[in-house]
Amino acid sequence: MKIAIVTPHPIPFAIGGAENLWWGLQNHIEQNTRHTCDIVSLVSPEDTLDGLVSSYKAFSELDLSAYDCVISGKYPAWMVKHPNHVCYMLHRLRGLYDTYSGPSADTITSTRARTLVAWMRDMAGDHGAHEQLLPEFFERYKALRASDVPDIVFAFPGPFAREIVHFLDGIGLSQTRIQRYAAISKTVADRRDYFPVGAPVSILHPPPHREDYRCGGQDTFFTSSRLDGPKRVDLIIKAMRFVDADIPLLIAGSGPDEARLKDLAKGDQRIRFLGFVPDDDMPALYADALAVPFVPRDEDYGLITVEAMRSGKPVVTVKDSGGPTEFVRNNETGFVTAPTPEALGERLAYLAGHPDETRRMGETARDAVASVSWSSVFDRLMQRPTRNATVLRQRRPKLTLANTFPVYPPMGGGQSRIFHLYKHLADAYDIDIVSLDDRSAPPREIAPGMIEFRIAKSAAHLRAEQLVSQTVGNQPVGDIAAAFASRLTPDFQQALADSCATSVAGIASHPYLVEPLKQALNTKPLWFEAHNVEADLKRAMPADHPAGERLLDIVQAAEGKAWRLASHVFACTTRDLTRLGEIYGPTRARLHEVPNGVALDEVPFTSPAMRRNLQSRTGLAGQTTALFMGSWHQPNIEALEDILAVAETLPTIRFVVLGSVCLPFKDRPTPANVHLLGQVDNAVRNDLLAAAHVALNPMRSGSGTNLKMLDYFASGIPVLSTAFGARGLSFESGKHFVLLEDNGLRDALQWFASAEQGALDRMVTASRNQVKALYSWETIAGNFLADLQASTVLPKSA
């Protein structure tokens, strides 16, 4: 698993407790687990409201789709959006939460500012799913800032700033966006308004970032702290007046209160200010301390407490210090006393007069924090919620879908179809997607009403899959292998059983998991979603490998069983349904054509004029750029072979290829004008769809329909396609796309370079209109849902 720790980098730049905490967690992940971890930080000014709002916006727009898990712990980093987002909270912006003592937003006199406050309050609640609120808010704030509203309204901290930060945190920390909540201390977890009401919060104490703490002499009182008011170092200095023993007090640190504290300590030769102390020198200072006084006001955590106890030293703190009181047990590992100089001094004097008892308390303290480790923190951060959560949230009829690969985020055609089709079916039914994957991930609500359970294949399952792959030249066979190897992953069997126990039907997405799904369903209805005719799609596999024949037998056995047992079968085209009947004979299932679609909100339309302008601005106008997208399937591989052959004869055209279809070609020499980019995120895909001159679809085999055609049409890019590539879709050659005759890709590209621009402009406009009318996922899912409910096989949702 690839993990990102997301954190702000404040101005001025400084290394503090948060940075050390994240470095410690990252080091543990990298050194002691099989996962990788990056720290992703953005410079985040916090001294003005404008800077803070800008930072919230920057994090909200950060693309972390390359990571499997994201961990955040501070504002504004938790604004990032990710399907597996864990909040390990250090604290909120305390000056606008628990330590805020200023006026309320009701005192704001500016009418414009009060209008924004009213809008934010109207939108308040668990609104993390409504992402449109963020761009609307940032536009409203920008407009307000450009108006004549007085600067005093934007004071930081201040009532208007407080209202804004609470609103943005409400979105960022919504239960619809955060997978799990944890806090570094009970003190943080218990603070009012820090976590959504009812959200479970784990208390995970982080350890120090180094391991070389030791116990030495008993020569000093030692404390380390930023010299600032809330740390209350002055309380320790005043307490020394009640300590008669000739024992030094060493104070490490610097800060704005330094001059006042030094003036307060004048006359007491025992008190020494060490200033900044390098990290490597800290263990020795702890080692030779008799005890460590640490008395901040309502500290989030207080790592100094744990560092001292790791060094075998008792800690003296006070009742309102917050985090330190979670470790210090009075009279056992130190003292918790009243926050007065007299009470604190009395305890320090006692320790100075009883060194043997002090040493025993230090040993108890060391044992008390022995279990504080990164291993414990990380394991619990990654801990999956119990599957009972699915039962608790179920209020509507539920469907369970079994799949051989993870669905979210949708990158390839199959992922996109599943995600968008079921996302809209979830308007009426709860959906559980139980997916096999090479790595596990916690259950995640990937769309309202739709949860994906990603179950890691067992070691035995992976070995079986690898052995099968080797018999066919290391081709990907994870889907086929699942037909017989899924039984080697008991967690998957259990997840299916748990989900199906509360479902009204189960769906085999592709045929390979029909057997375990049928067992989990018992007598409940089985549905079969035939993305393709797998027997035809996999038929090329035996060509060069004798073992391929045996795999084809497995494919046909699974597909035939799904066809015969299902009560509903739905496919991309009527042609595929007919073909399945030709291969496997009669079925008792009700048949549905559910065509492939496109998420119009995810594929922006670029008008011809905008495209030409973009090409001019980016330097692409002088050379035709042809785009091809595809996943690692034999029909796409064949199409790319054709493209490579043509590319060698057309050196003036740039060919750009996206998707996992690039993988079989990564070690092969390719023409210099061919760029194999592999899998990219939606933003990069959309940029290329907007800037390229023409899209290619020279398909000549396969089944189902080509989702790439719908993405092409939706984006407004001219398309060159074979008739086979446009199969099953209601688009006409000459009106919506340029037809590739047999082996005519080279001629078509040469024609395109000199084609009449007006005709191409009319073509792309007509294509986009056709997509909107027939192929939006919302329309397709609505039609399918109506068909299903008309058949009375499912109870309708309330």
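**A helix crossing and an eight-stranded sheet**

Helices α16 and α17 cross in a right-handed sense. Please keep in mind that this is a predicted model. Two topics follow: how this helix pair meets, and how an open sheet of eight strands is laid out.

**The α16–α17 pair**

- Helix α16 spans residues 459-471 and helix α17 spans residues 478-485; their axes come within 9 Å and cross at roughly 130 degrees.
- With angles over 145 degrees counted as roughly antiparallel and 65 to 115 as roughly perpendicular, α16 and α17 are therefore oblique to each other.
- On the α16 side, the contact is made by His461, Ala464, Glu465 and Val468, which meet Gly478, Ala481, Ala482, Phe484 and Ala485 of α17.
- By class, the residues of this contact divide into six nonpolar, two polar and one charged.

**The open sheet**

- The strand order is β15-β16-β14-β13-β17-β18-β19-β20, with mixed pairing.
- At the edges stand β15 (441-447) and β20 (590-593); each has a single partner strand, so one side of each is left without a neighbour in the sheet.
- On average, and ignoring direction, neighbouring strands are turned by 20 degrees against each other.

**The β19–β20 pairing**

- Strand β19 (residues 568-571) runs parallel to β20, and four bridges join the two.
- Within this pair, Val569 stands opposite Leu591 in β20.

**A helix across the sheet**

- Helix α18 (residues 490-500) lies across three strands: β13 (398-403), β14 (430-437) and β16 (450-456).
- Relative to β14, helix α18 runs at about 175 degrees.

Note on methods:
Residues are numbered from 1 along each chain as its sequence is written. This is a predicted model: local features need pLDDT of at least 70, side-chain atom pairs count only at pLDDT 80 or more; totals for chains, interfaces and linings use all residues. Side-chain values use heavy atoms; hydrogens and water are left out. Axes are lines fitted to C-alpha atoms, for helices over the stretch in contact, and angles run from 0 to 180 degrees between N-to-C directions. Angles under 35 degrees count as roughly parallel, over 145 as roughly antiparallel, 65 to 115 as roughly perpendicular and the rest as oblique. A crossing is left-handed if the near helix is turned anticlockwise from the far one by less than a right angle, and right-handed if clockwise. Contact means heavy atoms within 4.5 Å. Ala, Val, Leu, Ile, Met, Phe, Trp, Tyr, Cys and Pro count as nonpolar, Asp, Glu, Lys and Arg as charged, and the others, Gly among them, as polar. Two strands pair if DSSP finds at least two bridges between them.
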